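Please look at the sequence and the structure below together. The paragraphs after them go from the whole chain to its sheet and then to single residues.

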Amino acid sequence: PLDQIAWFASNSKAHAHLVKKFLPNDVGLYDTLGNVWEWTSDFYERDYYAQSPSSDPAGPSSGEYRVLRGGSWLRSPSDVRVSLRYPALPNSPDQAVGFRCAAVDMP
């Protein structure tokens with residue numbers, strides 16, 4: 001269930017949270033959804049996927065907007081998913097946007 005793995009509007013109390021406060025997702029990863037939008041290096045083009053290759057599309061080679069993914073603490077549960085591509089200008093700061101850092105726990 002989403003409310004056990006991600007922060008979003010109805011459970012975040014209107015702010016970002018420290019990581020690893022919820023259960024991991026089905027593949028053992030923490031904090032891949034919600035809390036803060038994830039900046040990606042992809043350029044945004046509204047209809048790109050309608051005309052792109054169906055297998056591993058590279059994305060547009062340029063553009064004004066970049067893609068955010070994963071949703072954030074201020075969005076509804078329906079927006080907290082990796083498949084949602086949200087356009088954002090790279091030079092516009094937002095408290096609900098950040099990076100998702102990954103580390104491997106070694107025994």
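What follows is a walk through this structure, beginning with how its values were obtained.

The model is predicted, and for this reason local features need a pLDDT of at least 70 and side-chain atom pairs count only at pLDDT 80 or more, while totals for chains, interfaces and linings use all residues. Residues are numbered from 1 along each chain as its sequence is written, and side-chain values use heavy atoms, with hydrogens and water left out.

The protein contains one helix and four strands, where helices (H or I, at least four residues) and strands (E, at least two) are DSSP runs numbered from the N terminus. Along the sequence these elements follow the pattern β-α-β-β-β. The C-alpha atoms fill a box of roughly 40 × 35 × 25 Å, taken along the principal axes. Of the 107 residues, 35% count as buried, a term that stands for under 20% relative accessible area, whereas exposed stands for over 50% and partly exposed for what lies in between (1.4 Å probe, protein chains only). The accessible surface comes to about 7300 Å², and 55% of this surface belongs to carbon and sulfur atoms; such areas come from the Shrake-Rupley method with a 1.4 Å probe, and for residues only the protein chains shown count as cover.

Contacts offer another view of the whole chain. Among contacts between residues at least 6 apart in sequence, 59% join residues at least 24 apart, with contact meaning heavy atoms within 4.5 Å. The protein has 10 positive and 12 negative charges, and the mean positions of these two groups are 4 Å apart. Here Lys and Arg count as positive and Asp and Glu as negative, while His and the chain ends are not counted; the place of a charge is taken as NZ of Lys, CZ of Arg, CG of Asp or CD of Glu.

How are the strands ordered in the sheet? The four strands form an open sheet with the order E3-E2-E1-E4 and mixed pairing. Strand E3 (86-88) and E4 stand at the edges, each with a single partner strand, so one side of each is left without a neighbour in the sheet. Two strands are said to pair if DSSP finds at least two bridges between them.

The pairings can be followed one by one across this sheet. E2 and E3 run antiparallel and are joined by three bridges, and in E3 it is Pro87 that stands opposite Val67. E1 and E2 also pair in the antiparallel sense, over three bridges, with Glu38 opposite Arg69 in E2. Strand E1 (residues 37-43) pairs with strand E4 (residues 97-98) in the parallel sense over two bridges, and there Trp37 stands opposite Val97 in E4.

Between helix H1 (48-51) and strand E2 (66-69) runs a loop in which Ser52 lies. Is Ser52 buried or exposed? Ser52 counts as buried because its relative accessibility is 16%. A polar atom of the Ser52 side chain lies 3.5 Å from the backbone oxygen of Tyr49, and a polar contact is a pair of N or O atoms within 3.5 Å, of which, within protein, one must be able to donate a hydrogen and the other to accept it, residues adjacent in sequence counting only if both atoms are side-chain atoms.

The segment before E1 holds several residues that can be compared with the picture so far. Pro1 lies in this segment and counts as exposed, because its relative accessibility is 67%. The C-alpha atoms of Pro1 and Leu23 are 10.0 Å apart in space, although the two residues are 22 residues apart in sequence. Asp3 also belongs to the segment before E1, and at 45% relative accessibility Asp3 counts as partly exposed. Leaving aside neighbours within four places in sequence, Asp3 is in contact with Phe8, Asn11 and Phe22, and its C-alpha atom is separated by 8.6 Å from that of Pro77, 74 residues away along the chain.

Further along the segment before E1 is Asn25, whose side chain has a polar atom 3.0 Å from the backbone nitrogen of Val27. Not counting residues up to four places away in sequence, Asn25 touches Ile5 and Thr32.

Lys13 has a positive phi of about 55° although it is not a glycine, and Asn35, likewise not a glycine, has a positive phi of about 65°. Lys13 counts as exposed at 73% relative accessibility, whereas Asn35 counts as buried at 7%.
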